[in-house]
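Hi there,

Here is the structure I promised to pass on to you. Have a look at it first, and then read on for what turned up.

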Amino acid sequence: MSDSETIAAGYAFTGPALDLGALLWDGACLPDAQIRIPLPMLNRHGLVAGATGTGKTKTLQLIAEQLSAQGVPVFLADVKGDVSGISAPGVTNDKVAGRASEVKQQWTATGFPAEFYALGGIGHGIPVRATITGFGPVLLSKVLQLNQTQEQSLGLIFHYADTKGLELIDLKDLRAVVTFLTSDEGKVELKNIGGLSTATAGVILRSLTAFEAQGMADFFGEPEFDTSELLRTATDGRGMVSVLELPAVQDKPQLFSTFLMWLLADLFHDLPEVGDADKPKLVFFFDEAHLLFNDASKAFLDSITQTVRLIRSKGVGVFFVTQTPKDVPGDVLAQLGNRVQHALRAFTPDDQKALKATVKTFPNSSYDLEEILTGLGTGEAVVTVLSENGAPTPVAVTRLRAPESLMGPIDAATLDQAVKSSSLYGRYAQAVDRESAYEKLSEARPAPAETPRAAAKKAPAKEDESMVQQVVGSGMFKSLARSVGTQIGREITRSLFGTARRKR
């Protein structure tokens, strides 16, 4: 058996699979040697990498289409604003027809069921919001660019708010709690559990102020997005493609990359264990993944690694999309069983190092991968995936199929119409500001001191007393929780990232 036949045999799966394209060997495309990914292996995670302009986005679109067609919901982060076309049928031309003929693809223009979201409603899409409590201290520290000490102090603030029933819904709630805990009255509250230095509190408050000044307040609030919405299928049985539109916030990379991690973490602690299933419950594409790991604390990286390692058993596959494998920490990279590597550039010494490092991450093969990876054309990639028995397949240079949906954005009017006609729009479009920590602490401010004569004349009606006068007494701030559903005297159970669990 020749080398090309051995490679082709490694992709001859018997069960359901996604078709990526046809094998390239000695410069020729072999249409009968189809390169595929077994559907049950999509929850073993993956990496789509390559230099700018090499076709990563079209690869995402190709995989997302086939997942949807097989009833698997998909989440896509649309950083550049060009993935919305997945909802509309593609347009044929000579290039598309030529690619389909080369790889033996029966190309049919097809649109796929899609929902469009936007962080905080900034841009086109159904608003996606998170409460401060739901987001948690670890992820918020990443967004605020806090160091390890400041992150630990923020965790202490969350712990206090949880135990005292102070709901942290938006940024003003968190600011109110930090301000209270550094006041003369509030310092007593944290004395026995570590305290909060004025300097650290000042850093946190300044970070919150700067964050809000950049227009970030809209991302935190209610109604909080229910991540189970991402698991839906359309009426025809196809998986819903959830597209998070990010062009409006692409100049705030830490924010959107951390928000994506919140979505994943929320799914992680809400979904039940399913083990090895016939197909994933959801495949989550993490675009511009390097932004997630830049300047991340050890606690944050450890949490990402553990989430990726464990979420597989809950039926969720995660694909990181970035330029080179070195953008992803080794412990995370080790969890990514499916690889689609587009072309790399080698113009600088750093590029050369990245190229050599990338080659080392692939199984041994008969290809000269250093040469291959610098010579791949647009829409071509080096592929290795996990076979049906979980073993890596042979490395295959592949000419990829063409997506069947529109390769580009739909127009703004069509996108707006799709958003407003969604059944989810009425549920999430309007922000709600209910009573939470800010209001409770505002009410708890002590009244101005009265003279003995004035106090004697005043009727001792309990309903006129301030909340602090009612509950502080000995100086210990015991509980300010009054609304139904508030957690009193106990801490909210939190996940690996410190995100709060919610009842669905």
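In which handedness of crossing does α5 pass α6? The crossing of these helices is right-handed. Before I go on, please keep in mind that this is a predicted model.

**Helix α5 and helix α6**

The axes of α5 and α6 come within 9 Å of each other and cross at roughly 135°. At that angle, α5 is oblique to α6. If you want to find the meeting place on your screen, look for Pro137, Val138, Leu140 and Ser141 on the α5 side, and for Glu151, Leu154, Gly155 and Phe158 on the α6 side. Sorted by class, that contact holds five nonpolar residues, two polar ones and one charged one.

Ser141 of helix α5 deserves a click. Is Ser141 buried or exposed? Its relative accessible area is 1%, so Ser141 counts as buried. Setting aside residues up to four places away in sequence, Ser141 touches Leu146, Glu151 and Leu154.

**Helix α5 and helix α10**

Helix α5 covers residues 137-144 and also packs against helix α10, which covers residues 253-270. Here the angle is about 165°, and the axes are 9 Å apart. Because of that angle, α5 is roughly antiparallel to α10. The crossing of α5 with α10 is right-handed. From α5, the contact uses Leu139, Lys142 and Val143; from α10, it uses Gln254, Leu255, Thr258, Met261 and Trp262. Five of the residues in this contact are nonpolar, two are polar and one is charged.

**Helix α10 and helix α12**

Next, follow α10 to helix α12 (residues 298-311), where the axes come within 11 Å and cross at roughly 50°. That angle makes α10 oblique to α12. What is the handedness of the crossing in which α10 passes α12? This one is left-handed. Met261, Leu264 and Phe268 of α10 meet Phe300, Ile304, Thr307, Leu310 and Ile311 of α12. The class count here is seven nonpolar residues, one polar and no charged. Met261 is worth highlighting: it takes part in the contact of α10 with α12, and Met261 also takes part in the contact of α5 with α10.

**Helix α7 and its surroundings**

Now turn to helix α7, residues 171-181. Why can we call α7 largely enclosed by the rest of the structure? Eight of its 11 residues are buried, so the rest of the structure largely encloses this helix. To see them, select Leu171, Asp173, Leu174, Ala176, Val177, Val178, Phe180 and Leu181. These buried residues pack against α4 (132-135), α5, α6 (148-163), α8 (184-190), α9 (198-213) and α18 (437-443).

**A few residues to click on**

Start with Phe319, which sits in strand β9 (residues 316-322). Phe319 has a relative accessible area of 0%, so it is buried. Which residues does Phe319 touch, not counting residues up to four places away in sequence? They are Leu42, His45, Gly46, Leu47, Val48, Val283, Phe284, Phe285, Phe286 and Asn338. Measuring from C-alpha to C-alpha in the model, Phe319 and Gly337 are 9.8 Å apart in space, with their positions 18 residues apart in sequence.

Then try Leu415 in helix α16. Leu415 is buried too, at a relative accessible area of 6%. How far apart in space are Leu415 and His124, C-alpha to C-alpha? The distance is 7.1 Å, although they are 291 residues apart in sequence. Leaving aside neighbours within four places in sequence, Leu415 is in contact with Phe116, His124, Glu245 and Ile410.

Last of these is Ser422, in the loop between α16 (412-420) and α17 (425-428). Its relative accessible area is 12%; the cut-off for buried is under 20%, so Ser422 is buried. Beyond its neighbours within four places in sequence, Ser422 is in contact with Glu115 and Ile126.

**Zooming out**

The protein chain has 20 helices and 12 strands. Of its 504 residues, 55% are buried. Among contacts between residues at least 6 apart in sequence, 77% join residues at least 24 apart. The accessible surface comes to about 21400 Å², and 51% of it belongs to carbon and sulfur atoms.

Have fun clicking around!

Technical notes: Residues are numbered from 1 along each chain as its sequence is written. This is a predicted model: local features need pLDDT of at least 70, side-chain atom pairs count only at pLDDT 80 or more; totals for chains, interfaces and linings use all residues. Side-chain values use heavy atoms; hydrogens and water are left out. Axes are lines fitted to C-alpha atoms, for helices over the stretch in contact, and angles run from 0 to 180 degrees between N-to-C directions. Helices (H or I, at least four residues) and strands (E, at least two) are DSSP runs, numbered from the N terminus. Angles under 35 degrees count as roughly parallel, over 145 as roughly antiparallel, 65 to 115 as roughly perpendicular and the rest as oblique. A crossing is left-handed if the near helix is turned anticlockwise from the far one by less than a right angle, and right-handed if clockwise. Contact means heavy atoms within 4.5 Å. Ala, Val, Leu, Ile, Met, Phe, Trp, Tyr, Cys and Pro count as nonpolar, Asp, Glu, Lys and Arg as charged, and the others, Gly among them, as polar. Buried means under 20% relative accessible area, exposed over 50%, partly exposed in between (1.4 Å probe, protein chains only). Accessible areas come from the Shrake-Rupley method with a 1.4 Å probe; for residues, only the protein chains shown count as cover.
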